[in-house]
Amino acid sequence: MAFIDGSALSVALPSLRADLGADLVSVQWVLNGYVLALASLTLIGGALADVYGKARMLSVGCLVFGMASAACALAPSAAWLIAARVVQGTAAALLTPASLALIGATYPRDERNRAIGVWAAASALTTAGGPILGGWLTETFGWPAVFWINPPLAFVAVGLLLVSAPEDRREPRRFDVIGAIILATALGLVAYALSQIGPSKSQGATGDPSLSTLPIAAVAGLGIVGLALYARWECRSEHPMTPPRLVKNRAFFGLNVATLLIYAGLSIMFFLLPFDLIDRRGLPSTEAGLAFLPFTLGVGILSRAFGGLADKIGARSMLMVGSAGAALAYVWMTLGKEASLAIGIVGPMALVGLSFAVLVAPLTASVMSSVEDADEGLASGINNAASRIAQLAGVATAAGIASFASGYEIGLMAAAAVSLAGTVAVATMVPETAKEASDLQKT
């Protein structure tokens, strides 16, 4: 539901803008409002799943997402739509970590990679089908139809949970309300600052860069101060939302560092490639979108198989191979700038898809296996937050690099560098076997 909505909406934006009489800034916030809420609150959503129950929070998230989608479809103005999209993002912050945590609570550790592979495959395939479905719905029924697909899915999901979900094991601890407020504010400020960085946003209407650079830096600074304040509060709180033991868990810390680096590299490439395809190669938008299909199909079709393989041979080597393969693909794409579309784009995109199929399920499963069962929801929330912040940071970095004459090549090499850094993080901080991870938890 969440992945279909995110990708289907992109093709409905021109019709939406014309119908509501919105400007480009408002259209941008239709997307950013959702992402900012999701990035700011997903860690909190994971903590709520641990305290109040994973199936329960997944049900609440689905119901709120469905109602917010109906509000989006009925929006009479851009301001209404943006507000409803923020509520959608808040609901997604509840349901996304809860869904992964529920998998962790349902499947034993030796079967978890395969189960998460199914989750990743479904996410990738619905993301790929979203633009096709969104285009058909928009042309046939109008842009509100893109949002009307969600309420029925929400009710079906809740019905399946009522029938099939195991009984929730709620953890006997209080929810850290003050910590949640501090964290949501701090992450929101950081995410907002990252979303505003880029050549088109780095100067005011008069062309003076100082008109907006200073406020963005101030917002980012306040966000960093807020994160430091949150860390201090968590050390003093009797019921911390992110217990200090998680920071001391070397495997968990390393996996999240790797997540941040690997997904930042992917976001840089995803931002730069459309400009090369459309502006330099002269492809129409539809053909440019099809260039991403090898990636989506690779993850969608192969994630389950590689997830099962990780259950048998262990995740660490697969994480290293996957992140190194992605770095190699970005270098290939750089060197193939002047090559044909098949050699310079389709080939490396297929390698990226294969690489992420190798690493997505093992990475997510390893994150949850690196913590005690009581912290699985929180672990999922932290990992999702890391990937969202990586997305914003990657786009911000790519937007800045794109202003240079060789921005495409520099950006792809930067993507390769951070992906290789992710490989190093896995090699140096993630244990070889599940037994070692369990020993690290105890220490």
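Student: At which residue does helix 14 bend, and by about how many degrees?

Tutor: In this predicted model, helix 14 bends by about 50° at Leu-302.

Student: What end-to-end span should helix 14 have, and what does the model give?

Tutor: The reasoning rests on a rise of 1.5 Å a residue: helix 14 has 21 residues, 293–313, so 30 Å should be spanned. The end C-alpha atoms lie 29 Å apart, which agrees. After the helix comes Gly-314, with a positive phi near 95°.

Student: Which residues of helix 14 are buried?

Tutor: The general idea is that an α-helix has 3.6 residues a turn, so residues three or four places apart point the same way. In helix 14 the buried residues include Phe-295, Val-299, Ser-303 and Gly-307, along with Gly-300 and Ala-310.

Student: How do helix 14 and helix 16 cross?

Tutor: Their axes come within 7 Å and cross at roughly 35°, and the crossing is right-handed. Among the residues making the contact are Phe-295, Val-299, Leu-302 and Phe-306 of helix 14, with Met-349, Gly-353, Phe-356 and Ala-357 of helix 16.

Student: Which residues touch the most other members of the largest nonpolar core?

Tutor: In soluble globular proteins, nonpolar side chains tend to be buried together. Here the largest nonpolar core has 89 residues, and Met-241, Met-269, Leu-273, Tyr-330 and Phe-356 touch the most other members. Helix 3, residues 24–52, contributes the largest share of this core, eleven residues. A second, separate core has 19 residues, including Ala-8 and Ile-82.

Student: What does Leu-273 touch, leaving aside residues up to four places away in sequence?

Tutor: Leu-273 touches Phe-292, Met-333, Ile-345, Met-349 and Tyr-408.

Conventions:
Residues numbered from 1 in each chain as written. Predicted model: local features only at pLDDT ≥ 70, side-chain atom pairs only at ≥ 80, totals over all residues. Heavy atoms only, no water. Helix = DSSP H or I, 4+ residues; strand = E, 2+ residues; numbered from the N terminus. Expected span 1.5 Å × (residues − 1). Bend = angle between axes of the 7 residues up to and from the residue. Buried < 20%, exposed > 50% of the residue type's maximum accessible area, 1.4 Å probe, protein only. Core = buried A, V, L, I, M, F, W, Y, C linked by side-chain atoms within 4.5 Å. Contact = heavy atoms within 4.5 Å. Axes fitted to C-alpha atoms, helices over the stretch in contact; angles between N-to-C directions. Left-handed = near helix turned anticlockwise from the far one by under 90°.
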